[in-house]
Amino acid sequence: MAPLLSIIDLVKEYPIKGSKSVVHAVTGVSLEIERGETLALVGESGSGKTTTGRCVLRLTEPTSGSIIYQGKDISRTSSREFRKLRRKLQLVSQNPLDSLDPRQRLGDVIAEPLKVGWHAPESQLEHRVGELLRLVNLPAEVAARYPHEVGGGVQQRVAIARSFANQPDLVVLDEPTSALDPLARADVLELLTKLQGDSAVSFLFISHDLNTVKRISSRIAVMYLGRIVELGATNTVFANPQHPYTRALLNSMLVADPSASRQSFTLRGEIPSAVKLPPGCALASRCPLATVECTKIIPPLELVGEGHTAACIKLPRWAAPDGHHDRTPGLGSDVDIASIR
């Protein structure tokens, strides 16, 4: 079965006013999102995660590349034509209070997309709003409240209810729990898991919180300076990270047991400028494993395990001749990483 959505060689550049230079926000990203799955997009601030999500929804127009939704390239459709599809592609943003109109009661906030995409009599709106509130485990009386009268967890549940108003196929969740306290965060994650199980909706989950990503996602794509550097099943990537950048990210995770054994792996220096991208691998100036060769070659994503790809010229490749899985050690194993060339 074809994926729900495919991103092919996505590029987004932002011109700098008064200059011929551009900011290279996204550089050649390719991803597939299956029906009913949660694909997490992770990386440091400025890696291009949010820009990728906004391009998928055409809140930001791509510079080039294709976005195929149900077999149709929606990156090239007219604005008028895309509006017909827009109700099936939704967004839940980072700060719920910023995404809710402070002048509207929460019931009206939820009803707004229904008035645009749900062709039902006005008399049925109130009933449908009540259904959506129950869907996100909120009482009916919340509909009469204003955003500032409820907490962040309730605000985000209302934002989720609004995104589900027209039964979407894909919801882009852009840091949906980062502004919440730990208890509200856990409740929202549990809600999202239940909603996906009930509706088979797909999620593009954008976050820098790796503990949250580990809990909710089935696959993970790691971004660095506008490129995907590793992609694979979440359990596989966490257990055996192959790219040096992924290893550094996982090494920075907070763990419940401070005495737990883990390999130390850190990067040096600062992220290069997104205006003047370095030649070769963008991580080379920070990577302790880098050689001169790394500064000359932009590594492509290549198989390093079953369904697991990474972009690093130092990684051993993986092959499955005659159906036999020949697993070779990678940077996350006990092999001497300094000896890999």
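Reader: Two strands pair if DSSP finds at least two bridges between them. How many bridges join β11 and strand β12?

Author: Three, and the pairing is antiparallel. Strand β12 covers residues 308-310. Strands here are DSSP runs of E, at least two residues long, numbered from the N terminus.

Reader: Which residue in β12 is the bridge partner of Leu 303?

Author: Thr 309.

Reader: Is this predicted?

Author: Yes, a predicted model: local features need pLDDT of at least 70, side-chain atom pairs 80 or more, while totals for chains, interfaces and linings use all residues. Numbering starts from 1 along each chain as its sequence is written, and side-chain values use heavy atoms, without hydrogens or water.

Reader: Back to the sheet. What's the strand order?

Author: β6-β7-β8-β3-β9-β10-β12-β11. That is an open sheet of eight strands, and its pairing is mixed.

Reader: Which strands sit at the edges?

Author: β6, residues 89-92, and β11, residues 302-305. Each of these two strands pairs on one side only.

Reader: New topic: Val 22. Where is it?

Author: In strand β2, which spans residues 22-33.

Reader: Buried or exposed?

Author: Val 22 is buried (under 20% relative accessible area, 1.4 Å probe, protein chains only). Its value is 19%.

Reader: Which residues does Val 22 touch?

Author: Glu 13, Tyr 14, Pro 15 and Ile 16, plus Ala 274 and Val 275. Residues up to four places away in sequence are not counted. Touching means heavy atoms within 4.5 Å.

Reader: What separates the C-alpha atoms of Val 22 and Lys 276?

Author: 8.4 Å in space, but 254 residues along the chain.

Note on methods. Helices (H or I, at least four residues) and strands (E, at least two) are DSSP runs, numbered from the N terminus. Buried means under 20% relative accessible area, exposed over 50%, partly exposed in between (1.4 Å probe, protein chains only).
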